[in-house]
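Q: Could you take a close look at one part of this model for me, the paired strands and the residues around them? I would enjoy a connected walk through it.

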Amino acid sequence: NLKEIIIPSSVSIIESHAFEGCSKLTKITFEDPSSLEKIDSYAFKGCLSLTEICIPSSVTKIGEYNFQKCISLEKVLFLSPIKEIGYSEFLECSKLTQIKIPSSCVSINSFSFCKCSSLESIEIPSSVKHIYESAFDECSSLKNIEFQSPSSLVYIGKSAFYKCASLTQICFPSSLAEIDENAFKECNSLKKISIHCQIDKN
């Protein structure tokens with residue numbers, strides 16, 4: 001029946017599965033200044049009523065599956081200098097519409113935003129080098145993908161944008177070296193592709 005939680009400034013780690021399945025949890029507040037350094041895997045998985053979260057700047061590592069099936073989550077704000085978006089981090093967050101990937105991020109891991117069916121736009125920071133398998137798979141409302149310049153992106157993984165049915169155009173940055181198989185399969189509205197790079201694989 002937990003509806004709200006305040007994380008004290010003394011807490012440095014949220015352990016795995018800490019709040020998993022707290023289906024009525026709507027609000028998470030981090031006391032300022034926060035000492036939180038790590039959010040371990042599955043920490044908030046299945047928090048069905050959570051609508052938004054702000055990750056404090058003290059956090060340097062976030063595990064996997066942390067917000068999977070948070071079906072009411074609409075807004076995520078990263079103040080933290082994380083290096084990667086974890087495996088299946090926001091899988092099936094079907095109401096997610098607002099997220100800004102931090103400029104420190106190097107990798108968007110597999111299934112990170114898979115089935116985020118309300119996400120319409122995403123900006124990929126210039127720091128990102130790899131977008132891995134099925135990262136945006138079945139983001140059916142995704143219309144706009146913007147790569148910040150100068151981009152460091154070298155790799156788009158297998159099925160990374162599979163079934164992004166609303167995507168109409170994309171412009172690949174000059175840094176891109178490899179697009180893996182089925183990366184844009186069944187993107188049935190895709191009409192325009194601009195390629196400013198030499199592709200090793202398609």
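A: Happy to, and a good place to begin is one residue pair: Ile53 has Val76 of S7 as its bridge partner. Please keep in mind throughout that this is a predicted model. The strands behind that pair are S5 (residues 52-55) and S7 (residues 75-78), which run parallel and are joined by four bridges. In a regular strand the side chains alternate between the two faces of the sheet. S5 shows this nicely: Ile53 and Ile55 are buried and point to one face, while Glu52 and Cys54 point to the other face and are not buried.

From there we can move along to another set of strands. Five strands, in the order S8-S10-S12-S14-S16, form an open sheet with parallel pairing. Its edges are strand S8 (84-85) and strand S16 (178-179); each has a single partner strand, so one side of each lacks a neighbour in the sheet. For S8, two bridges in the parallel sense connect to strand S10 (residues 107-108). One contact point to look for is Glu84, whose bridge partner in S10 is Ser107.

The loops that follow these two strands also meet. Ser88 sits in the loop between S8 and S9, and with a relative accessible area of 2% Ser88 is buried. Leaving aside residues up to four places away in sequence, Ser88 touches Tyr65, Gln68, Ser110, Phe111 and Ser112.

Phe111 leads us to the aromatic rings, of which the structure holds 13 pairs. In one of them, the ring centres of Tyr87 and Phe111 are 5.7 Å apart and the planes stand at 65°, so this pair is edge-to-face. Tyr87 belongs to the loop between S8 and strand S9 (98-100), and Phe111 to the loop between S10 and strand S11 (121-124), so the pair links parts of the chain 24 residues apart. Neither ring residue is buried: Tyr87 is partly exposed at 29% relative accessibility, and Phe111 is partly exposed at 22%.

Compare that with Phe136 and Phe161, an aromatic pair that is stacked, with 5.2 Å from centre to centre and 0° between the planes. Here Phe136 is in the loop between strand S12 (130-131) and strand S13 (144-147), while Phe161 is in the loop between strand S14 (155-156) and strand S15 (169-172), so the pair ties together parts 25 residues apart in sequence. Phe136 is buried, at a relative accessible area of 0%, and Phe161 is likewise buried at 0%. Both also belong to a cluster linked by ring pairs, made up of Phe19, Phe44, Phe67, Phe78, Phe90, Phe113, Phe136, Phe161, Phe172 and Phe184.

The cysteines deserve a glance too, as the structure holds zero disulfides. For Cys70, the closest cysteine sulfur is that of Cys47, and at 5.1 Å it is too far for a bond. Cys70 is buried, with 0% relative accessibility. Cys139 gives a matching account: its sulfur lies 5.2 Å from the closest cysteine sulfur, in Cys116, which is too far for a bond. Cys139 also counts as buried, at 0% relative accessible area.

Further along the chain, Thr168 is found in the loop between S14 and S15. Thr168 is partly exposed, at 37% relative accessibility. Its C-alpha atom is separated by 7.9 Å from that of Asn144, 24 residues apart along the chain. Not counting residues up to four places away in sequence, Thr168 touches Lys143, Ser189, Leu190, Lys191 and Lys192.

Finally, let us step back to the whole protein. Its secondary structure comes to zero helices and 17 strands. The radius of gyration is 17 Å, close to the 17 Å from the globule rule for 202 residues, so the protein is as compact as a globular protein of that length. The C-alpha trace spans about 50 × 30 × 20 Å along its principal axes. Of the 202 residues, 46% are buried. Among contacts between residues at least 6 apart in sequence, 35% join residues at least 24 apart. The protein exposes about 9,600 Å², and carbon and sulfur atoms supply 44% of that area.

How values were computed: Residues numbered from 1 in each chain as written. Predicted model: local features only at pLDDT ≥ 70, side-chain atom pairs only at ≥ 80, totals over all residues. Heavy atoms only, no water. Pairing = 2+ DSSP bridges. Buried < 20%, exposed > 50% of the residue type's maximum accessible area, 1.4 Å probe, protein only. Disulfide = S-S within 2.5 Å. Phe/Tyr/Trp six-rings, centres within 6.5 Å; stacked < 30°, edge-to-face > 60°. Contact = heavy atoms within 4.5 Å. Rg over C-alpha atoms; globule rule 2.2 N^0.38 Å. Areas by Shrake-Rupley, 256 points an atom, 1.4 Å probe, with all protein chains shown as cover.
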